[in-house]
Amino acid sequence: MALCFQISPSSIKSQLFSNRKFYTKKPSNFVTICCTHSEGVENATSKQQKKLSKQSSWESEDSEGKDYLYRLGAEADNMNIAVGARAGIIDDLFTGNFLGKDSDIVFDYRQKATRSFEYLQGDYYIAPAFLDKVVVHMAKNFMAHLLNVRVPLILGIWGGKGQGKTFQTELIFRALGVEPIIMSAGELESERAGEPGRLIRERYRTASQVVQNQSWFFPKIQGKMSCLMINDIDAGLGIFGNTQMTVNNQIVVGSLMNIADNPTRVSIGQGWREADITHRIPIIVTGNDFARIYAPLIRDGRMDKFYWQPTEEDIVNIVSRMYEKDGITKDEVVSIVQEFPNQALDFYGALRSRTYDRSILEWVNDAGGAEDLGSRLLKQKKDGKLPVFTPPQQTLEALLESGYDLIKEQKLIMETKLSKEYLKNMDDEPV
C-alpha cells in the first residue's frame with residue numbers, strides 16, 4: 001500500500017491519500033510525496049521536509065525581494081511580538097525545521113513600533129556633555145555583563161523647560177543608529193487599572209526583540225541597538241499639590257523599579273519560563289522636576305541622573321546651526337542670544353517661526369483670502385493649484401523684532417498672573 005502526501009506550501013496543509021496515486025497534472029507549487037507502507041509515515045515526513053526546503057513557495061520572493069513570511073508579518077493582526085513562530089506556542093505545523101523553531105514572523109510590526117529619525121535632516125549641533133552622558137549610559141548597559149559594578153538601568157535627564165532634552169536625545173539616537181521605543185506621559189494613565197504598567201513591560205520586551213540576533217530564516221535582518229524612552233515622566237508620575245495618587249501611578253512606579261532591579265526577567269502576565277530571558281535594555285526618561293517623583297524610583301543604583309542646562313556656548317552653537325541656511329552669521333546669533341538672555345532654546349526657534357507669519361498671511365491672501373479658506377485650500381491642493389510660498393528673507397532686524405513680540409507676550413502672561421511659576425525667569429528681563 002502506498003501513502004501519498006499532497007502539500008500546498010501556500011496554505012501549509014497536509015492531506016493523506018491511501019491505496020492510490022494521483023498522476024493528474026498539478027500546479028507547480030504542489031508537491032506529491034509517495035512511499036510504500038513499509039517505509040512508514042515517519043519516512044514520508046522526512047521526505048516532505050526535504051521537498052519543502054527546495055520547492056516551497058514560502059521561500060519565493062516577490063518583485064521587492066520580500067518572501068511570504070515577511071508579507072505575513074506585515075499583514076498579521078497578532079500583536080504579541082514576543083511569540084513569533086515559537087514551538088509549543090502556535091501549531092507545530094508552522095514551526096518545522098525548515099522555518100527554525102523561533103523564527104520571528106512579525107518583525108515588520110516591531111519595526112513600526114520603533115522610532116527612526118529620517119525626518120531629522122540637516123547638520124544639527126549635539127552638545128558634547130549631553131552626548132557623552134547618553135553614550136556612556138547606552139554602552140554601560142549593553143556591556144553590563146562584562147563589568148564588575150552595578151549599572152543603573154535608567155538615565156534621568158532633567159532640567160528647565162524647552163532646553164532641548166528630547167531633541168538632543170533624538171539627535172544622539174540618529175547618530176548612534178539607535179531605534180528606540182518612545183512613550184509619553186499620557187500613556188502612564190488609563191481608565192483600566194494595571195494597563196499602563198503592562199504597557200511599559202510590553203514596550204520593554206519589544207525593545208528587547210529589536211536587539212535580538214539575526215534568525216536563520218532572515219539572514220539579511222540584523223539586530224539593532226534600542227532602548228525605552230519615556231518623555232516628561234514627571235508629568236505622568238509627579239505629585240503636584242493636592243493631586244491624587246492613583247493605582248496606575250503606583251503600578252507604573254512599581255513596574256519601573258522592578259525592571260531596574262531585574263532587567264532580564266520581565267513578565268507581561270504569562271507563566272515564567274526558564275528560557276524566557278529578556279535582553280537588558282537601557283531606559284531613558286526626561287522631565288523638568290524629578291523631586292515630584294517617588295523617591296525610591298530615582299535613587300542611586302536604579303537611576304543615573306543628569307541635569308541639563310546648556311551653556312551660552314552650547315546655545316550659540318545650537319542656534320547657529322538652526323539659522324545656518326538662512327544666512328545668519330554666528331556673530332549675529334551671538335548678538336541675538338545676548339539681547340535675549342535667560343531664555344530657553346525653544347525661544348530662539350520661536351523667533352524664526354514668528355518671522356514666517358507675515359509671509360504666510362500674504363500666501364493666504366494669494367490663495368483667495370480668509371473666507372472659506374479650508375475647503376478652498378483642500379480643493380486647490382487636490383488640483384495642484386496652490387500658490388507658491390516664498391519663505392521670508394531672514395535678517396537680524398526681523399529676528400529681533402520677533403523676539404520683542406515674544407517678550408511682550410511673556411510679560412502679558414506674567415502681569416495676568418496666569419503662569420507666574422512657569423515664566424519666573426522673566427523678572428530680570430530687559431524690556
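**Asking the model how it earns its labels**

Modeller: The loop between β6 (228-231) and α7 (233-237) holds Asp-232. The model is a predicted one.

Colleague: Why does Asp-232 count as partly exposed?

Modeller: Its relative accessibility is 39%. Buried needs under 20%, and exposed needs over 50%. The value of 39% falls in between, so Asp-232 is partly exposed.

Colleague: What is the phi of Asp-232?

Modeller: Near 55°. That is a positive value, and Asp-232 is not a glycine. Asn-342 is another non-glycine residue with positive phi, at about 60°. Asn-342 sits in the loop between α10 and α11.

Colleague: Which strands form the open sheet, and in what order?

Modeller: There are five, in the order β5-β6-β7-β4-β8, with parallel pairing. From one strand to the next, the twist averages 20°.

Colleague: What makes β5 and β8 edge strands?

Modeller: Count the partners. β5 (181-184) and β8 (303-307) each have a single partner strand, so each has one side with no neighbour in the sheet.

Colleague: How do you know that β6 pairs with β7?

Modeller: Pairing takes at least two bridges. β6 and strand β7 (residues 283-287) share three bridges and run parallel, so they pass. Ile-230 is bridged to Val-285 of β7.

Colleague: How many bridges join β4 to β7?

Modeller: Five, in a parallel arrangement. β4 also pairs with β8 over five bridges, again in the parallel sense. Ile-157 has a bridge partner in each neighbour: Thr-286 in β7, and Phe-306 in β8.

Colleague: Why is strand β4 called largely enclosed?

Modeller: Four of the five residues of β4 (residues 154-158) are buried, so the rest of the structure largely encloses this strand.

Colleague: Where is Gly-159 found, and what does it touch?

Modeller: Gly-159 is in the loop between β4 and α5 (165-176). Residues up to four places away in sequence are not counted; beyond them, Gly-159 touches Lys-165, Gly-287, Asn-288, Tyr-307 and Trp-308. Gly-159 and Gln-309 are 150 residues apart in sequence, yet their C-alpha atoms are 6.3 Å apart.

Colleague: Does Gly-159 count as buried or exposed?

Modeller: Buried. Its relative accessibility is 1%, and the label needs under 20%, so the value qualifies.

Colleague: Which strands does helix α6 lie across?

Modeller: β5, β6 and β7. Helix α6 (residues 195-210) runs at about 160° to β5. Its buried residues include Leu-199, Ile-200, Tyr-204 and Val-210.

Colleague: How do you know that the length of α6 agrees with its 16 residues?

Modeller: Compare two numbers. At 1.5 Å a residue, α6 should span 22 Å. The end C-alpha atoms are 23 Å apart, which agrees.

Colleague: How many aromatic pairs does a search of the whole structure find?

Modeller: It finds 10. One of them is Phe-340 with Tyr-404.

Colleague: Why is the pair of Phe-340 and Tyr-404 called edge-to-face?

Modeller: Take distance and then angle. The ring centres are 5.4 Å apart, and a pair needs them within 6.5 Å. The planes stand at 65°, and edge-to-face needs over 60, so the label holds.

Colleague: Which parts of the chain does the pair link?

Modeller: Distant ones, 64 residues apart. Phe-340 is in the loop between α10 (330-339) and α11 (345-354), while Tyr-404 is in helix α14 (residues 396-415). Ring pairs also join Phe-347 and Tyr-348 with Phe-340 and Tyr-404 in a cluster.

Colleague: What label does Phe-340 get, buried or exposed?

Modeller: Buried: 2% relative accessible area is under the 20% limit. Its ring partner Tyr-404 has 38%. That value lies between 20% and 50%, so Tyr-404 is partly exposed.

Colleague: Where is the place of Thr-355?

Modeller: In the loop between α11 and α12 (357-366).

Colleague: Why is Thr-355 called buried?

Modeller: Its relative accessible area is 12%, and buried means under 20%, so Thr-355 meets the cut-off.

Colleague: What does the side chain of Thr-355 reach?

Modeller: The backbone oxygen of Arg-352, at 2.5 Å. A polar contact allows up to 3.5 Å, and 2.5 Å is within that. Leaving aside neighbours within four places in sequence, Thr-355 is in contact with Pro-392, Gln-394, Ala-398, Leu-399 and Ser-402.

Definitions and conventions: Residues are numbered from 1 along each chain as its sequence is written. This is a predicted model: local features need pLDDT of at least 70, side-chain atom pairs count only at pLDDT 80 or more; totals for chains, interfaces and linings use all residues. Side-chain values use heavy atoms; hydrogens and water are left out. Rings of Phe, Tyr and Trp (its six-membered ring) pair if their centres lie within 6.5 Å; planes under 30 degrees apart count as stacked, over 60 as edge-to-face and the rest as tilted. Helices (H or I, at least four residues) and strands (E, at least two) are DSSP runs, numbered from the N terminus. Buried means under 20% relative accessible area, exposed over 50%, partly exposed in between (1.4 Å probe, protein chains only). Axes are lines fitted to C-alpha atoms, for helices over the stretch in contact, and angles run from 0 to 180 degrees between N-to-C directions. Contact means heavy atoms within 4.5 Å. The expected span of a helix is 1.5 Å times one less than its number of residues. A polar contact is a pair of N or O atoms within 3.5 Å; within protein, one must be able to donate a hydrogen and the other to accept it, and residues adjacent in sequence count only if both atoms are side-chain atoms.
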